[in-house]
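Subject: Structure handover

Hello,

Please find the structure below. Notes on what was found in it follow.

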Amino acid sequence: MTDPTADQALLEEKRLFPPPPEFAAQANARDPEIYARAESDFEAFWAGLAEELEWFEKWHTTLEWTPPHAKWFLGGKLNISVNCVDRHAKGSRKDKPAILWEGEPGDVRTLTYEDLYREVNRFANVLRGLGVQKGDRVAIYMPMVPELPIALLACARVGAPHSVVFGGFSAESLRERINHCGAKVLVTADGGWRRGGVVPLKKWADEALEDAPTIESVVVYERIGERAHISMKEGRDYWWHELMEKAEPECAPEPMDSEDILFILYTSGSTGKPKGIQHTTGGYLTGVYATTKYVFDLKEDDIYWCTADIGWVTGHSYIVYGPLANGATCVMYEGAPDTPERDRFWKIVEKYRVTIFYTAPTAIRTFMKWGDKFPNSCDLSSLRLLGSVGEPINPEAWIWYSSTIGKNRCPVVDTWWQTETGHILISPLPGLIATKPGSATKPFPGILADVVNDQGESMPPGRKGYLVIRRPWPGMLRTLWMDDDRYRQVYWSRFKTMYFTGDGAVRDEDGYFWLMGRVDDVMLVAGHNISTMELESALVEHPAVAEAAVIGRKHEIKGQAPAAFVIVREGYVPTEHLAFELKNFVAHKLGAICRPDDIIFTADLPKTRSGKIMRRLLRDIAEGRVLGDTTTLADPGVVASLKEKYAGDET
């Protein structure tokens, strides 16, 4: 995979943006020695940050590292809901807004830390009343309403690992995740709003539960009302509001060992089946607390808005746990950025006087496409810091974001991390590091990242290689749920004592990291990891499909878009109608985000003599590049016919 030279367009990016002097003078991290101190004793660095949290019992050992397994803050006991809610609600932040929520139709709610304390305690008692005990798993499938973070924090309070399933995923995806983690309770809603339409969450949940034997109870939050047209199953389904009315307002928090499981979050894998990423309590909270504080330079009077969905790890770490552990005021928005108009995000920034704004390159490119008139029609003067997350951001989008949204006065923190890493690992500290458009810049203090070749040797500047992390960090995944062998194989088999990220990267002469995207068969679609194998498996379940190969092709807005090369079975005719049917079939099985943009029917696929599909060549075809080496193909003529077909027959 390692190339003699990297993408020269990136490495030739010479524009440098030093921290604004006024910002730097007041930044949470303004002493450049923070990097040297963290490097001289990284365990002590992280321990110092952990001490800023509230513990029932302090740890006796900071780190136990037996590759590939790490344990942090051994012997320490804490509860995350206490750190995110109680210590603020019982102190000076009692009346401070914790959540400023806006629904897509325009309804609004404000929850102070005292309100949040009451709701979390009550729902924790609801869970206990349904028989949930420490260690029981709770699945959560909800829209972006305040009850979603309340449910997460209530699970943390009683010691029940939660597994959130993104509300855009299908019934089948929900069922698979429920069954894999053995969830006892499902928390859902009658529906959610998206672009003026109803997302039928309860209907999809009912389909999922037709074959989910571990679920004993379902709690349903009423978001939509009569228009949702749902049914409630006697003895299994309960209304959120009815249970909450009867619940006691105080629930004693469960003392959790630092290494007890906090949550399981499923992410796509190159072998097809989603992986249950397992995060624990003390190390994860330390990591998200510290990175929120320093990367976003969070201050007491900030209004912070991360636009992610809590169904993804960004929402877990940087809507719920990190900001609330810091006592922040967080904006939450339920709907789409173009409803009712394309200025909705900027109207929200103006309305709530948002100071910190964290979104994805996919969204930024979309905003660019829509034009400057929408942000320019709103007052964005409250903004003081901008963030980017989910995938590498191209320099043009970075510059537009900085100039049009930030008016050239807001530092831009481009952040690299993963579901597996738990928290940000590479990002500028905005008061210290000069930024370059398109680069995530340097690792967070205490993080030892490297770019290596196939032998695990560090690559010199300008040479592309694999991004690895050379030592443990607090928020790292501990294993995969019920599959430690796969954990070892996926992340540790290539380099043994170094964490393999699955991403390609290059460093420039200044030591800045430039991310190059995935090096395995996982696409990064709108910032979300989607397995090509998962889509292929779904396609071949359709009776018309004999074989399929899926690749991610470059997309102006989404970064990558799924393109499927399909061989149909005998008796079926490849038509536009069948292509439309296949796209919808995949969307139904896996969720709308997995819907292929292109279906290309073909009589054959490019394969090696051993039968391996050459997806590299399919990517070359889909992106109109000069074809790479074809000497290992069993039939080179297949590529030529496909190239001709793709150019004139995208469906």
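Among contacts in the protein chain between residues at least 6 apart in sequence, what percentage join residues at least 24 apart? The share is 72%, where contact means heavy atoms within 4.5 Å.

The model is predicted: local features need pLDDT of at least 70, side-chain atom pairs count only at pLDDT 80 or more, and totals for chains, interfaces and linings use all residues. Residues are numbered from 1 along each chain as its sequence is written, and side-chain values use heavy atoms, with hydrogens and water left out.

Overall, the protein chain has 21 helices and 30 strands, taken as DSSP runs numbered from the N terminus (helices H or I, at least four residues; strands E, at least two). The radius of gyration of the protein chain is 24 Å, which agrees with the value near 26 Å for a compact globule of 651 residues; this radius is taken over C-alpha atoms, and the globule rule is 2.2 Å times the number of residues to the power 0.38. Along the principal axes, the C-alpha atoms fill a box of roughly 70 × 60 × 55 Å. Of the 651 residues, 63% count as buried (under 20% relative accessible area; exposed is over 50%, partly exposed in between; 1.4 Å probe, protein chains only).

One residue in detail: Asp-510 is in the loop between β24 (499-507) and β25 (513-518). Asp-510 counts as partly exposed because its relative accessibility is 47%. Apart from neighbours within four places in sequence, Asp-510 contacts Lys-436 and Lys-442. From Asp-510 to Ala-205 the C-alpha distance is 51 Å, with their positions 305 residues apart in sequence.

Regards
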